[in-house]
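Q: I'm new to this one. Can you walk me through it?
A: Sure, have a look first.
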Amino acid sequence: MAPVAPRSGDAIFANVERVNAELFTLTYGAIVRQLLTDLEEVEEVNKQLDQMGYNIGIRLIDEFLAKSNVSRCVDFKETAEVIAKVGFKMFLGVTASVTNWDADGTCCSIVLEDNPLVDFVELPDTCQGLYYCNILSGVIRGALEMTLNASLCLVFAKRLCCAVNITNSSLLSTRVSIRYLLRQNVVSMKTEVTWLRDMLRGDDAFELQVKLLKQVPEEYPYKDDE
Amino acid sequence: MIGVGKIKQYSNVLDKPLSKGKQEVSLSAFAFLFSELVQYNQTQVDNISELERRLEDAGYAVGARVLELLCHRDKGNRRETRLLGILSFVHSTVWKVLFGKLLPPFTFCYLDFGNFSRDCLQVLEVADSLEKGTEHEDEYMISEKELLVNRFISIPKDMGTFNCGAFVAGIVRGVLDGAGFPAVVTAHFVPVEGQQRPRTTILIKFAEEFFSHRQSKRTIVELASFRNLSTYLLCQIFRILGPICTKKRSKVGLSGFVPRSSDVGVFIAPQNNQRMGENV
């Protein structure tokens with residue numbers, strides 16, 4: 001199949017089905033409120049939000065790769081750009097920007113100025129330690145960690161769709177494509193995502209610091225001569 | 001333009017200008033979020049009814065806020081005080097804003113309000129989507145082919161009649177409760193012949209007090225958008241004039257809601273042990 005050019009965030013967002021952002025905002029508020037009532041400790045709520053975001057992220061990456069036709073990112077820099085420009089636009093309808101690269105290129109900041117999660121929200125004094133949007137950090141972390149698996153699944157899916165009968169030759173070609181993919185260094189990225197600036201705490205924007213901890217290339221599961 | 005440029009900082013969230021409500025997020029983002037809500041609640045409960053109740057409570061919070069938001073933004077700080085009005089509000093405005101779809105315009109069934117209001121009697125066809133229950137006077141149903149929240153959800157057989165539409169039922173209950181119409185709202189699957197997926201019906205059962213009460217002489221005065229001092233003076237005036245207007249010795253109760261920092265809406269109703277439009 002000829003490679004398809006990656007689509008811009010705006011184009012994808014215009015094509016997906018959309019819902020009112022206020023329903024989204026209010027539902028998220030209900031979730032946070034439920035967590036606060038159940039868990040009571042602000043730190044616990046932060047962790048739970050991050051975990052929920054992680055669960056979302058590992059499934060979101062499938063949809064992201066399927067809809068955006070992003071084939072592979074050469075390095076972390078490109079990955080971060082793609083997340084900010086395409087990912088956020090596609091799901092939340094807002095664009096983020098990437099700034100503050102460090103010397104190695106392993107750490108950057110994603111800055112969000114408009115965030116649909118925090119409309120109508122004000123943090124009370126009892127919840128000052130709460131990272132209200134912590135679900136976003138979990139989503140990014142989960143999505144990056146599952147990049148490889150999602151890419152593999154996508155390749156399989158595309159091959160299965162093309163093949164009328166799955167014969168030996170098709171299976172072989174599938175393995176060949178995986179090998180090709182791996183040689184292209186599609187990796188799973190372990191990252192650490194923290195909040196630097198939070199508008200609910202008085203800053204002027206939302207800033208997430210994404211730090212690449214480890215890039216883990218997966219082992220090719222099949223022997224070459226099989 | 002949203003997403004471009006810096007947003008002006010406001011010290012108080014109430015001073016921030018209210019958005020027009022046109023911003024959108026992708027359906028999948030909402031679906032993911034809702035699935036996490038359901039999954040989290042599944043870990044916190046032991047049985048189905050508890051899960052439904054928790055989803056409904058989450059929806060209740062959403063509904064209460066939606067009412068305030070829409071009343072202020074779309075209805076100019078006026079809130080419905082009649083039963084048909086509030087049902088119409090839920091069925092059209094709320095549904096359209098939240099779920100983006102217009103349910104087919106409804107016509108009323110033949111309604112037996114009794115003493116509620118003679119002029120509300122209208123003989124009409126049964127609607128497609130807003131219907132009155134035939135067994136009980138106080139039941140209404142909003143039915144939809146597929147609720148937005150249920151689109152990507154399949155219920156395993158061992159969960160029986162559980163319906164994630166309990167969230168939407170909670171939203172409706174929140175709106176009705178906030179407007180002063182206490183009701184019990186539930187969501188049910190209704191299998192339809194010829195269709196694989198069942199329709200969902202939101203069943204609204206209003207509280208007893210609406211229908212057992214003789215309300216023909218009820219007067220409801222609704223005022224909106226007053227500053228605090230004048231509100232106080234007006235309330236005093238109505239407290240004095242109230243019994244004269246209604247020709248009854250009834251206590252005039254008042255309540256107010258504060259949609260924005262400087263606007264106060266006042267709802268005044270004769271206090272036959274019943275407050276309509278209580279808020280805050």
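A: One term up front: angles under 35 degrees count as roughly parallel, over 145 as roughly antiparallel, 65 to 115 as roughly perpendicular and the rest as oblique. Also, this is a predicted model.

Q: Okay. At what angle do helix α3 of chain A and helix α1 of chain B pack?
A: About 135°. α3(A) covers residues 42–68 and α1(B) covers residues 27–44. Their axes are 10 Å apart.

Q: So what do we call that arrangement of α3(A) and α1(B)?
A: Oblique, because the angle of about 135° falls in none of the other classes. The crossing of α3(A) and α1(B) is right-handed.

Q: Which residues make the contact?
A: From α3(A), they include A:Met52, A:Ile56, A:Arg59 and A:Leu60. From α1(B), they include B:Phe32, B:Leu33, B:Glu36 and B:Tyr40.

Q: How many of the contact residues are nonpolar, polar and charged?
A: Seven are nonpolar, five polar and three charged.

Q: New topic. Where does helix α4 of chain A bend?
A: At A:Ile83, by about 35°. The helix spans residues 76–92.

Q: Is α4(A) enclosed or not, and why?
A: Largely enclosed by the rest of the structure, because 13 of its 17 residues are buried.

Q: What follows α4(A)?
A: A:Gly93. Its phi is positive, near 75°.

Q: Over to chain B. Where is B:Asn150?
A: In the loop between β3 (139–144) and α4 (166–178) of chain B.

Q: Is B:Asn150 buried or exposed?
A: Buried, because its relative accessibility is 3% and the cut-off for buried is under 20%.

Q: What does B:Asn150 touch?
A: Leaving out residues up to four places away in sequence, its contacts include B:Cys164, B:Phe189 and B:Arg197.

Note on methods:
Residues are numbered from 1 along each chain as its sequence is written. Chains are lettered from A and ligands numbered from 1 in the order in which they are written. This is a predicted model: local features need pLDDT of at least 70, side-chain atom pairs count only at pLDDT 80 or more; totals for chains, interfaces and linings use all residues. Side-chain values use heavy atoms; hydrogens and water are left out. Helices (H or I, at least four residues) and strands (E, at least two) are DSSP runs, numbered from the N terminus. Buried means under 20% relative accessible area, exposed over 50%, partly exposed in between (1.4 Å probe, protein chains only). Contact means heavy atoms within 4.5 Å. The bend at a residue is the angle between axes fitted to the seven residues ending there and the seven starting there. Axes are lines fitted to C-alpha atoms, for helices over the stretch in contact, and angles run from 0 to 180 degrees between N-to-C directions. A crossing is left-handed if the near helix is turned anticlockwise from the far one by less than a right angle, and right-handed if clockwise. Ala, Val, Leu, Ile, Met, Phe, Trp, Tyr, Cys and Pro count as nonpolar, Asp, Glu, Lys and Arg as charged, and the others, Gly among them, as polar.
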